[in-house]
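User: I'd like to go through some of the labels on this one and hear the reasoning behind them. Can we take them one by one?

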Amino acid sequence: MPQLPEDIIDRLTQMERRIQQLSTAVNNRPALNQVTNGSVHVNGGVLEVSNGAVEIVDGASLLVQGPNLPAPTLRVGTWDGSEYGMEIHRQTGSLAMTLYNGDGTSGSKQPLRIYDSANREIISDDITTGGLARPWMVMVPPQDVALSRGPQTTSTSWTTIAMSYNTVWQPKMRLRMTTGVSSGAAGQIRVLVNGTQWGTTVTAPTEFDQTALISADFASVYTSTVKIEVQGIVTSASGTVYATPTLMHGRQS
């Protein structure tokens, strides 16, 4: 067998070594959907994962930052190596939503906060007992329990005895009222929303406590102001019928 030049043998040996190194690197490469000890930055592009999920582990974080923006639009991960959370910024850099304490406590309960454009907290949950922390919701103050001093009518035709205007945010409403009639009399109470009867008519002194859709077409009244009327009618020859609203709030569908 003829002798090969020494430089050719050296080159073949180097090629073999490089092939082995490449094979080792391919077999030992990290999962393509996992980021360890670092951050993923998506700048003017799209991050896609099919048939799986991106795992960001071991203190890594995900940042989504647009060009020339003062803060990341989205940040998910760790802040100081112990507390993990999330924050969303507007394009102006002001906060829109956060989920972290900010005290670096690992495993602590984290309030979910939503902010207005001036970085003021407008909605948050109560991490101590559960429920809503902000905003502070309006509650009905105690009402006069003497029906004779409340809304009333002696009319034998339907008459509005109480009225309010409310902005609609939720599709349903609950309304509760105490009703009554004078001695020996009979009467009824009903409710109108924008002139259309809402709920059913009750005979006094039956309590009015009903929950129903504010409108059959919620889209037509959403964010609009509706007129709510309490009406009474005396169904006997004479007398007085009373109604005192004690509770009213919106509800989900």
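Analyst: Sure, here are the labels with the reasoning behind each, and keep in mind that this is a predicted model.

User: Let's start with the rings. Why is the pair of W169 and Y222 called edge-to-face?

Analyst: The ring centres of W169 and Y222 are 6.1 Å apart, and the cut-off for a pair is 6.5 Å. Their planes stand at 90°, and over 60 degrees counts as edge-to-face. So edge-to-face is the label for W169 and Y222.

User: What makes F218 and Y222 tilted instead?

Analyst: Here the centres are 5.4 Å apart, with 55° between the planes. Stacked needs planes under 30 degrees apart and edge-to-face needs over 60, so 55° lands in the tilted class. Ring pairs join W169, F218 and Y222 into a cluster, and the structure holds three aromatic pairs.

User: How do you know that W169 and Y222 link distant parts of the chain?

Analyst: They're 53 residues apart: W169 sits in the loop between β12 and β13, Y222 in the loop between α2 and β17.

User: Why is W169 called exposed, but Y222 partly exposed?

Analyst: Exposed means over 50% relative accessible area. W169 has 57%, so it's exposed. Y222 has 41%, which falls between the 20% and 50% limits, so it's partly exposed. F218, at 27%, is partly exposed too.

User: On to charges. What makes R176 and E207 a salt bridge?

Analyst: The closest N and O atoms of R176 and E207 are 2.8 Å apart, and the limit is 4 Å. That makes the pair a salt bridge. R176 lies in strand β13 and E207 in the loop between β15 and β16, so the bridge ties together parts that are 31 residues apart in sequence.

User: And D209 with R176, why does that count?

Analyst: The N to O distance is 3.9 Å, and anything within 4 Å qualifies, so it counts. D209 is in strand β16 and R176 in strand β13, 33 residues apart. R174, R176, E207 and D209 are linked in a network of salt bridges.

User: How do you know that R134 and E121 are bridged?

Analyst: Their side chains come to 3.1 Å, N to O, against the 4 Å limit. R134 is in strand β10 and E121 in strand β9, 13 residues apart. R134 has a relative accessible area of 39% and E121 has 26%, so both fall in the partly exposed range of 20% to 50%. Altogether, the structure holds seven salt bridges.

User: Why does E83 have no salt bridge?

Analyst: The nearest side chain of opposite charge, R113, is 7.7 Å away, and a bridge needs 4 Å, so there's none for E83. E83 is buried, in the loop between β5 and β6.

User: What does the side chain of E83 reach?

Analyst: The backbone nitrogen of N101, at 2.5 Å. The cut-off for a polar contact is 3.5 Å, so that distance is inside it.

User: Last one: what makes I122 eligible for a surface patch?

Analyst: Patch residues need over 30% relative accessible area, and I122 has 38%, so it clears that bar. I122 is in strand β9 and shares the nonpolar patch with I123, L132 and M137, about 370 Å² of accessible area together.

Note on methods. Residues numbered from 1 in each chain as written. Predicted model: local features only at pLDDT ≥ 70, side-chain atom pairs only at ≥ 80, totals over all residues. Heavy atoms only, no water. Patch = residues over 30% accessible without salt bridge, like charges linked within 9 Å, V, L, I, M, F, W, Y side chains within 5 Å. Areas by Shrake-Rupley, 256 points an atom, 1.4 Å probe, with all protein chains shown as cover. Helix = DSSP H or I, 4+ residues; strand = E, 2+ residues; numbered from the N terminus. Buried < 20%, exposed > 50% of the residue type's maximum accessible area, 1.4 Å probe, protein only. Lys, Arg positive; Asp, Glu negative; His and termini not counted. Polar contact = N/O pair within 3.5 Å; in protein donor to acceptor, adjacent residues only side chain to side chain. Phe/Tyr/Trp six-rings, centres within 6.5 Å; stacked < 30°, edge-to-face > 60°.
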